[in-house]
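Colleague: Please take one part of this model and walk me through it closely. I'd like to see how the pieces fit together, step by step.

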2 protein chains.
Amino acid sequence: MYLHGRNVLKEILKFPSGNLKIKHILFSDQKNVSPELDQLKKSCIKKGYRVEETSPIKLQNLSHEKKHQGVVIDLKEFPYADFERLLETAGAKAGFSIALLDMVQDPHNLGAIIRTAVAAGIGGLVITEKSSTKVTPAVIKVSTGLAFRLPISIVTNMVRAIEELKKAGFWVYAASMEGTPYYQVNFSKKTAIILGNEGKGIRKLVKTNADYVISIPMESGVDSLNVSASAAILFFELRKQLWGGE
Amino acid sequence: MYLHGRNVLKEILKFPSGNLKIKHILFSDQKNVSPELDQLKKSCIKKGYRVEETSPIKLQNLSHEKKHQGVVIDLKEFPYADFERLLETAGAKAGFSIALLDMVQDPHNLGAIIRTAVAAGIGGLVITEKSSTKVTPAVIKVSTGLAFRLPISIVTNMVRAIEELKKAGFWVYAASMEGTPYYQVNFSKKTAIILGNEGKGIRKLVKTNADYVISIPMESGVDSLNVSASAAILFFELRKQLWGGE
């Protein structure tokens with residue numbers, strides 16, 4: 001996949017290079033575009049990435065984007081995190097929290113949720129293999145590159161993932177239209193929050209397997225919030241409860 | 001402007017018809033598309049709107065959208081609310097709150113903010129005449145038609161609008177990177193919350209004129225939230241403080 005833009009490259013440069021399958025990083029061959037770009041190029045070479053130069057038109061064609069900011073990254077695949085590994089990481093940390101997305105389909109929503117999750121300090125994200133948008137270039141763009149800062153796992157069976165989370169000591173909350181108002185919930189334990197599909201919400205079987213169903217009370221006559229708005233409200237409630245006193 | 005979709009039409013049907021400049025409402029001329037569509041057509045006629053039938057292809061061409069759901073509305077202009085009128089409405093109500101957007105430019109953000117504002121029970125929205133996206137068909141679509149439920153005013157001078165809000169008894173809060181954490185603020189009075197441009201935030205002069213600067217504390221190393229995520233967090237904090245006990 002072709003990614004573009006300086007923010008995305010900066011996030012990639014922070015990522016452990018051995019774990020990223022980068023074919024090459026293409027820079028604009030125009031001279032003196034910006035000192036920042038020259039500096040980024042040096043950092044890429046230092047990290048051992050294969051750097052090439054090409055025309056701005058070529059960069060535009062590859063990224064399908066005029067605002068490529070002089071750089072296009074050719075990444076073989078997004079570095080998904082192993083779910084078991086994510087649970088192990090979580091085991092050692094107090095106040096670790098995970099978000100699970102049950103068939104979220106809109107790349108704009110996934111990108112927005114990733115950006116908000118990182119800002120709120122959520123430790124990991126789990127998405128379903130079936131009927132979900134994966135981490136595409138559009139998702140990475142909307143996340144402002146922050147997708148590289150968040151461990152994101154794909155699971156084939158969400159119900160089994162919930163069972164494993166419970167075994168690992170997580171309290172699992174399903175966000176729905178009914179349920180306990182989110183601000184009455186005490187999120188002081190290790191927390192997993194499930195959010196559902198844009199149209200249908202969380203699947204019934206998935207919801208049944210959660211420990212609690214929680215809701216965001218809203219104005220009467222309004223059907224639902226956008227899933228990325230719900231995520232922002234819940235993730236930051238969690239953050240406030242965990243870190244608000246500090 | 002051409003709007004489309006059944007949710008948008010349903011919102012339009014709830015709107016006082018005398019205040020909407022609708023040229024005509026175009027329905028698909030295919031028979032038996034859905035009972036819902038037939039019912040909507042009857043409601044339009046009852047409301048006194050000019051209804052016409054045309055081909056699905058024509059609907060697609062007008063709306064630039066395949067998923068027009070069999071209906072396209074030809075609206076002369078979005079019915080903006082008068083700012084002075086909005087203040088008068090606000091005067092009579094306890095817990096009335098207004099959001100002000102200082103040069104928000106992305107239609108997707110404005111639509112998302114409108115949807116969240118209505119869900120949170122925000123009473124009105126103010127946008128700037130200069131350098132703002134206005135309420136376009138794209139904005140109305142992202143708002144799921146809820147733009148018609150929220151009084152939205154355009155002002156030429158945001159600083160003067162803030163002065164008038166203060167005179168009308170509002171406490172004015174500017175959302176920024178620094179400032180008091182939002183959850184330490186007591187939003188029990190009439191509240192106005194200002195959110196800023198996607199890249200630059202709130203203009204300095206606008207911020208200086210607010211009563212308080214508030215912030216959403218976030219993970220270190222993250223620059224900012226998307227403005228629609230910030231709006232969701234702040235609007236629902238406000239709602240919780242105003243109505244959380246009920």
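**Where chain A meets chain B**

Modeller: Chain A and chain B bury about 2300 Å² between them, and 56% of that comes from carbon and sulfur atoms (buried area is the accessible area, with a 1.4 Å probe, that two parts lose on being put together, summed over both). In chain A, the residues losing the most area to chain B are Arg115(A), Phe236(A) and Lys240(A), together 23% of what that side buries. Keep in mind that this is a predicted model, where local features need pLDDT of at least 70 and side-chain atom pairs pLDDT 80 or more, while totals for chains, interfaces and linings use all residues. Residues are numbered from 1 along each chain, chains are lettered from A and ligands numbered from 1 in the order written, and side-chain values use heavy atoms, without hydrogens or water.

Now count the partners: 29 residues of chain A are in contact (heavy atoms within 4.5 Å) with 28 residues of chain B. There are four salt bridges between the chains, each a side-chain nitrogen of Lys or Arg within 4 Å of a carboxyl oxygen of Asp or Glu. Glu237(A) and Lys240(B) pair up this way, at 3.8 Å from N to O.

Those two also turn up around a hole: Glu237(A) and Lys240(B) are among the residues lining the largest cavity, and so are Phe236(A) and Lys240(A). A cavity is a set of points on a 1 Å grid where a 1.4 Å probe fits but cannot get out, and lining residues have an atom within 4 Å of a point. The search of the whole structure finds one cavity of 30 Å³ or more, with a volume (the space filled by probe spheres set on the points) of about 70 Å³. Helix α9 (227-243) of chain A and α9 (227-243) of chain B each supply at least two lining residues (a helix is a DSSP run of H or I, at least four residues). α9(B) gives the most, with five. The lining has seven nonpolar residues, such as Phe and Tyr, no polar ones and four charged ones.

Methods:
On a 1 Å grid over the protein atoms alone, a cavity is a set of points where a 1.4 Å probe fits but cannot get out, and a pocket is an open set with protein on both sides within 12 Å along at least five of seven lines; lining residues have an atom within 4 Å of a point.
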